[in-house]
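Me: Hi! I've got a model open and would like to talk it through with you. Shall we start?

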Amino acid sequence: MANRLIGANFTPPDIRAKVTGQAKYAEDFRADGMVFCRLLTSPMPHARVKSIDASEALAMDGVVGVLTAAEVPEIPSPRDPILTNTPHFLGEPILAVAAVDETTAQDAIGKIKLDLERLPFTVDPLRSLRPKGPDAREEGNVMIPREGVGRIKWTPEDFAEAGEGELPMGEPALEWSFGDVDAGFSNAKVVLDETFVTASNSHHSMEPRSAMAYWDNGKCYLYGSSQSQSFVHPGIARTIGIEPDKLVYVAENCGGGFGSKGGPYPLQVIPALMAKKIGRPVMMRISRAEEYFIGQARPGFQGRVKLGFREDGRVLAVDLYIVQENGPNAGFGDWTSAANAMSLVYTPEAMRFRGVSVLTNTPQRTAQRGPGQNQIAIAVEPLMDKAARALEIDPVVIRGVNAPGHDAKYGAEQGPITSAYQGEALDKGAERFGWRERRARSGTRRGSKVTGVGIGQAYHSAGSSGFDGLVRLTPEGKLHIHTGVGNLGTYSYASTSRVAAEILKCDWENCVIERGDSSRNLPWNFGQFGSNTSFTMTRTNFAAATDAVAKLKEIAALDLGGSPDDYDIADETVFRRSSPSRRMTYAKAAARAIELGGKFSGEEVDEDLNPLTKASAMAIAGKGLVGVAKDRIEKNGTVPALAVGFIEIELDLDTGKYEIVDYLGVADCGTVVHPQGLAAQIKSGAVMGFGLATLERHIYDPAWAIPHSVGLYQARPPSYLDVPLEMDSDAVDLPDPQNPVGAKGIGEPLMGCAGAALICAISDALGGHYFNRTPVVPDMVINAAAGRPQSHKPLQVNTD
Amino acid sequence: MTDPNDSFSLENCPPITAVSRREFIKSVIASGAIVSSVLYRPASVAGQSGARSGALERLISLNVNGKTRRVDALPQETLAMTLRYKLGLTGTKLGCDRSECGACTVMIDDVAHYSCSTLTHRMRGKEITTVEGVASETGELHPVQQAFMDELGPQCGFCTPGQVMTAVALLKDNPSPTREQARDAMAGNLCRCGAYDHYLNGVMRAAMEV
């Protein structure tokens, strides 16, 4: 059956509001009597609050209240707290002040007397690993997977063993391996042993994480900036200290999150708790400057990788060690994801991974688009080129030799995957980009400019299962598709909703998407993160629509005779196959569902549904034909999203600046659901990749742990002028067998592949100079071109 | 670290002088203008003290989207805050509040400006156009808005109002820009989603319509 909607472009329902300014973000909501709150944040990177004297502040005209860490629910350490009396990084919120206006609140903060005890701090993971190095937290200096904060110190011998500029490799917090790594290296024709650094960088979401909240009739109404909707609901309610049914969470639009607003981050509940305390609505506006402290960041790596290649370029063995800069709290598992990504993208015959995630007194870390996968892409892809040069193999060929197919295995456990078309993506891209012709131009000089070409690959897992779908056909003949996934801006909330319309053969014009506000009766869905939406939500909507189709057929059989199997659907009617005149419109069937009640109208639902879905189904029960089901479709293995980027640049050896001549991104995202949306993601994801590769980084004063990249202009995301004038995109467009419409997610690797391609092209233009460090900034290029030593030490982090 | 400059500063605001609170309300009624019910500075505070000689006239008539709007603006108040918190025009976004990102872009006399860094009191006699004012009164979208929809320009949408306003201002100044010229004109509007290619496609498509 040919698809009508899947694979076709459409106008997303929310886009008109975005171009007219009607789209509402958290700071656009108002409530009568609303006051403003501001945060008092730590002036020290690690300290203990000994006393707080807010009396003078509270006595000021217009000050309504102060909220301290002692008054808010305690989040189990070392997860990010709401407010804290033990700040672990400079800029961490200690308390909040509410006043009738922001200036009064800020003035009041100036009147608060805070007595702080300084504690040891560090901004350099390797320093913390030294025998007597400082600990970022009193209870330890590393995050041990599944255990929490621990303490690991390396011996002087560990440090002495490493050669100049090489990463020392002492006791890891985690180690795994498969295959015979030693044999792999001894059989290798070329072995590389490389130390590398990838910088931490901020998320730079255009919308700061402002939030507004009020209480009414025992319920908390919270307007937040969130990528996710249903998935974060219980966590936010728990953080506030209420039951989920006492929270109304509104997240219609999210002005960018890139991972930093994927989960129930605690900061957003401050206005809710303040509003509860003072009995007035509270707006908490977060500034751009504050975003650089409390807006989260991607962890940086200090890594070392040994790669063994056969003569034909096949990767025989990988030995990877990653020291991650974790920030002060729980952080994120980039380091382990990086290793898993390597195991899939290069399908090594043997691999060992060791690593340790070290706590530092720098901003909280969380997932940023391709967490770990994209750092390892920009670190290792250039090394594939280095090996290709040594083996005299084309960069496309060495990647093709190692490219994962459907039988590739994933991670430490070497588990199965659902599909992989990386070889197809490489071939399709090389053909479309004219790789062979462009490669022939590599090294061409034009004045001070040199042509360079590059390829980059990246991976991220791209799908989950087991969530719920909810749809409703109304007596007016409308299909309401309830989606609780969230609205990050990819329009995947809408493109995946179209699966329900596809299965029910409904006109898209007759569909209404219910979303953006928990009071709109949304099902239990996964968060909008991890490139999962296209896979996960097509399944839930397929499940709900399939349930609705079954109910339509049952109702028709009840009224028109025969058995449900005798019926089919078309043109928003259910009809008897043997005598198509025996038919019933969806509108009529919906009216009959209301009369029949029970399962037909949502009054009885499956026991295996999530309580949140059950509550939503109950709320719409009796208002139409309700299709509601849990996604029980088989899923066996990791769902890979894979991407390849092809790039041509001109590198100016005098200025160190590059100009991107052309870029092509190719996606393996299974069947393409929304071509225009995919094209937008491929190209815009590449823009973020260019930033990761050559622009963005944290910079700290190591003496005081004061950050210096705290503005868009300092640690800066790419602008129009940093990207090519035009960009190109393509997709393999072959189905994943474990998705009912063949779809997989794709968002994250589209960034990593582009960043990696750009680094490869810069190295190519320099005739094979490999920096082993990102971002590659102009002075590094100038030094390399002039044969001068770099101004940084190889393992230096958080510096310019 | 919190910088006091991050917050919207309302310090030392002089009170209303020439116009009493009663007259102010009367003038608002007479002009037909509606001031947003949410004041980030409560009226009781704004009008609490008596006249202070030599203080700035805080009441100002603004021409916004073709309508005259009377507002009580503090001397240091930025246009973005006036639009968002006094006139209810929340389409203008604050992404940085310090001239870095362009999310707050509006047109002042048909030229794109960052409203976060424009003082409201300098807007006397100027024509201000916000994203809410570029579609026709009947709701027909401006060609830039339509083209941004057709080309799927916006992603998260937070920078979109600013992108729209810069593009509209560009096409008023240069109805047929080259792609390079369009890119240069748009360069002051950051998009973290990175949707530059699709926005530029939109500008070029709109240029064919205007």
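Me: What pattern does chain B follow, read along the sequence?
Reply: Happy to help! Chain B runs α-α-β-β-α-β-β-β-α-α-α-α, and keep in mind that this is a predicted model. That gives chain B seven helices and five strands.

Me: And how much of chain B is buried?
Reply: Buried residues account for 52% of its 210 residues.

Me: What about contacts in chain B, between residues at least 6 apart in sequence?
Reply: Of those, 66% join residues at least 24 apart.

Me: OK, over to chain A. How many helices and strands there?
Reply: Chain A comes to 21 helices and 33 strands. Its radius of gyration is 27 Å, and the globule rule gives 28 Å for 800 residues, so chain A is as compact as a globular protein of that length.

Me: Nice. What does the C-alpha trace of chain A span along its principal axes?
Reply: About 85 × 70 × 50 Å.

Me: What share of chain A is buried?
Reply: For chain A, 63% of the 800 residues are buried. As for its contacts between residues at least 6 apart in sequence, 79% link residues at least 24 apart.

Me: Which residues touch the most other members of the largest nonpolar core?
Reply: That core has 307 residues, and the ones touching the most other members are V97(A), A98(A), A213(A), L222(A), V282(A) and A589(A). Helix α20 of chain A, residues 749-765, supplies the largest share of the core, with 12 residues.

Me: Let's zoom in on A98(A). What is A98(A) in contact with, leaving aside neighbours within four places in sequence?
Reply: Its partners are V35(A), F36(A), C37(A), V64(A), G65(A), A105(A), M274(A), I278(A) and V282(A). You'll recognise V282(A) from the list of core residues that touch the most other members.

Me: Changing topic: how many residues does the contact take from each chain?
Reply: There are 63 residues from chain A and 55 residues from chain B. On the chain A side, α1 (15-20), β1 (35-41), α3 (102-111), α9 (288-294) and α19 (675-694) each supply at least two residues.

Me: Which of them gives the most to that side?
Reply: That would be α19(A), with eight residues.

Me: And by class, what does the side of chain A that touches chain B have?
Reply: It has 28 nonpolar, 23 polar and 12 charged residues.

Methods
Residues numbered from 1 in each chain as written. Chains lettered and ligands numbered in written order. Predicted model: local features only at pLDDT ≥ 70, side-chain atom pairs only at ≥ 80, totals over all residues. Helix = DSSP H or I, 4+ residues; strand = E, 2+ residues; numbered from the N terminus. Rg over C-alpha atoms; globule rule 2.2 N^0.38 Å. Buried ≥ 20, exposed ≤ 12 C-beta atoms within 10 Å, placed from the backbone. Contact = placed C-beta atoms within 7 Å. Core = buried A, V, L, I, M, F, W, Y, C linked by C-beta atoms within 7 Å. Nonpolar A, V, L, I, M, F, W, Y, C, P; charged D, E, K, R; others polar.
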